[in-house]
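Trainee: I am new to this structure and would be grateful for a close look at a single part. Please take the part around the ligand, and then place that part within the rest of the chain.

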Amino acid sequence: MIPALGVCYYPEHWPEDWWAHDAARMAEVGIRYVRIGEFAWSRLEPSPGDLRLDWIIRAMDALAAHGLKVVFGTPTATPPRWMVDKHPDMLAVDAQGRRRGFGSRRHYDFSHLGYREECRRIVQLLADAVGQHPALAAWQTDNEYGCHDTSYSYSPAALAGFRLWLERKYNTIDALNQAWGNVFWSMEYSRFDQIELPNLLVCEAAPAHELDFRRYSSDQVAAFNALQFDILKAARPDLPVIHNFMGRYTDFDHFKVAETLDVASWDAYPLGHLARSDESDDIKLQYLRQGEPDYQAFHHDLYRSVGHGRWWVMEQQPGPVNWADFNPDPLPGMARLWAWEAFAHGAEVVSYFRWRQAPFGQEQMHAGLLRPDSEPAPAYHEASQVAQELRQTGMAGVTARGKVALVYDYESEWAWQILPQAKGFSHGAQVRAVYAAFRKHGIDVDILPPSTSSFAGYSIVAIPALFTWSDALRQAVAEHEGHLLIGPRTGSKTPDFSFPAQLAPDLSPNILNAKVMRVDTVDPSIEVPVKGGGAVRHWRERLETGAEVIMEDEDDWPVLVSQGKLFYQAASGNRALIQRIVDYLIMEAGLPRIALPAGVRCRVRDGMRVYVNYGSKDTVLALADDETAYVLGSAEIPAAGVTVARLATAG
Ligand code: GAL
């Protein structure tokens, strides 16, 4: 697969006599894919049944005339005003019971069956109208499911759907009472139609009630996507159906939604995401104009897994965005670096958002490749440089398989939000900490879903903070011949959100002879030093164990124990502790490391190692043992720079 550039374009925002010139300039930059259509419903169907599809076909013709390929977005994230008049109850209801209004976007409820029918109708009409257009290369379903907190709705439609879903799942009300532990606080039900949504209660709902509501809501997103996928695939079985997911967004199970996608994509806004993240002020300052160095890469690897190996960046930040509290200008070179990094992690396409900055509307302060006066913005030149460099290096193929894998699981994210026990404790934070520690040594990491049943080929697999064991994962753990790093909190619940009878981590003693007897959690500013370096913070477990103790804290609580090649981590730690644990495993497994200057990261694709410098200073690389020469850039890598080395053997 030869990587390519794309751009997001809104022909409906510009006079028709600009389209041909825009297309010519896109082609000049070296862009191959243009995404259109995803917010255009009011122009495609200004009133019910009044279809005006000819203009978008003319826009496709204009793009095709310059050899551009079209990604057609279904417009279902922006139902027009008349739709709300027709279905007033299609608007979602927030957790405080307030109906969310018309006047922005994503004003629909995933559970509303009437709106789903309207989506079926418009998607079918579009598939019929543009499905055979020669420029059409891919479909995008909707836009950013869940954006603006729209995965959960507490509406009558959601309540009706939830009750039905529960009845299908549990069959009898006794089974539900048992699973949810409803004898606690006399919460037992005698009929399914007595069950409410888990909002506006006096205090918290039963954890299993809340978790089932999240599972239900996630299933509605998957059903909504499946409906569109089926229509689009029937029209053009040969074209990929893609959805554009988001960064650090966990309210639905992306692996499940992607069961009806051919390619996953995500929208990468490194500076906006850093500004809105819970990173420390130091990190926010250090990487203000570059983005956090492991954040993009983590999502690239995650979405490669979500997309069954195939993924794109559908929207790439080109300059300042408009939606964080402050919106810094990226360092010169970052729009190039972010694209190169994505390609190194296997992206098929990196598509900049957007072609021309809009002078009107909510996003008028959001940069594009062109300024609002149509003159090139800095990213215009960086994009054309990337296009030229892709040709120069001849990069193709796929990203190399990692030697290390991490299991990432959306249910585990929900579970620890529902029952944190330590404010802020999250599955994702534990996973990302381990991920970053491996990447510091230039080690490529893959992300695996919880449905994985074999870890064959991986030297080290880490499973941090997993809510509950799936049968598949139990099997993979039992059969793995490499090293495993498990915990903290892994296997601490049953699927019904209770303690397992054997207690956490709920593995048979021949795999790991250890039980978590008690948990101690404190404010993350309080640290307990670990003998030999690093510190425990936030969460630690009191283990009863026959396994060998490798590290312990100053109170003599085991922090890392091992039984053969299985390591159990009984605490969360500061950066130094996680790095120390990961370094220990790398040494045990005998994995080669690359000496990377601070702020530099790398990834191998198609026999080439791509280095990116997230630091704000120029630095120098050393040619690694498996590298023969630099094919782009040199050992001197400037701030926001990219260097590509060729490997002796294709990787
Ligand atoms: C994304 C969205 C785009 C645009 C962009 C601005 O979340 O998909 O439509 O709003 O953000 O950064």
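Mentor: The account below begins with the ligand and then moves outward to the strands and helices. Please bear in mind that this is a predicted model.

The shell around the ligand consists of Phe39, Arg105, Asn143, Glu144, Asp267, Tyr269, Glu315, Trp323, Phe353, Glu363 and His366. By character, these residues divide into 4 nonpolar, 2 polar and 5 charged. Polar distances can be given for several of the charged side chains. In the side chain of Arg105, an N or O atom is 2.9 Å from an oxygen atom of the ligand. For Glu315, the distance from an N or O atom of its side chain to a ligand oxygen is 2.9 Å. In the case of Glu363, a polar side-chain atom and an oxygen atom of the ligand lie 2.3 Å apart. The ligand taken alone exposes 310 Å², and 95% of that is buried by the protein.

One member of this shell, Phe353, also takes part in an unusual feature of the backbone. The peptide bond that leads from Phe353 to Arg354 is cis, and its omega is near 10 degrees. Arg354 belongs to the loop that lies between strand S8 (349-352) and helix H14 (378-393).

Strand S8 leads to the barrel. Eight strands form a closed barrel in the order S1-S2-S3-S4-S5-S6-S7-S8, and their pairing is parallel. On average, neighbouring strands of this sheet are turned by 30 degrees against each other when direction is ignored. One pair may serve as an example: strand S3 (residues 69-73) and strand S4 (residues 136-140) are joined in the parallel sense by 4 bridges. Within this pair, Gly73 has Gln140 in S4 as its bridge partner. Helix H5 (residues 113-130) lies across S3 and S4, and runs at about 175 degrees to S4.

A further helix, H13, lies across strand S1 (4-8), strand S7 (311-316) and S8, at about 155 degrees to S8. H13 also provides a passage to another sheet, described next.

That sheet is open and has 4 strands in the order S20-S21-S25-S23, with antiparallel pairing. Its edges are strand S20 (600-605) and strand S23 (627-632), each of which pairs on one side only. From one strand to the next, the twist averages 25 degrees. S20 and strand S21 (residues 608-613) run antiparallel and are joined by 6 bridges. In this pairing, Arg605 stands opposite Met608 in S21. Helix H13 (residues 334-344) packs on the sheet and touches S20, S21, S23 and strand S25 (642-647), while its direction makes about 145 degrees with that of S21. Thus H13 lies across S1, S7 and S8 of the barrel, and also packs on the open sheet.

Two further details of the backbone complete the account. A cis peptide bond joins Gly487 to Pro488, with omega at about -5 degrees. Pro488 is found in the loop between strand S12 (483-486) and strand S13 (514-521). The loop between S12 and S13 also holds Asp506. Phi of Asp506 is near 60 degrees, which is a positive value in a residue other than glycine.

Technical notes:
Residues numbered from 1 in each chain as written. Predicted model: local features only at pLDDT ≥ 70, side-chain atom pairs only at ≥ 80, totals over all residues. Heavy atoms only, no water. Pairing = 2+ DSSP bridges. Helix = DSSP H or I, 4+ residues; strand = E, 2+ residues; numbered from the N terminus. Axes fitted to C-alpha atoms, helices over the stretch in contact; angles between N-to-C directions. Contact = heavy atoms within 4.5 Å. Near = heavy atom within 4 Å. Polar contact = N/O pair within 3.5 Å; in protein donor to acceptor, adjacent residues only side chain to side chain. Areas by Shrake-Rupley, 256 points an atom, 1.4 Å probe, with all protein chains shown as cover. Nonpolar A, V, L, I, M, F, W, Y, C, P; charged D, E, K, R; others polar.
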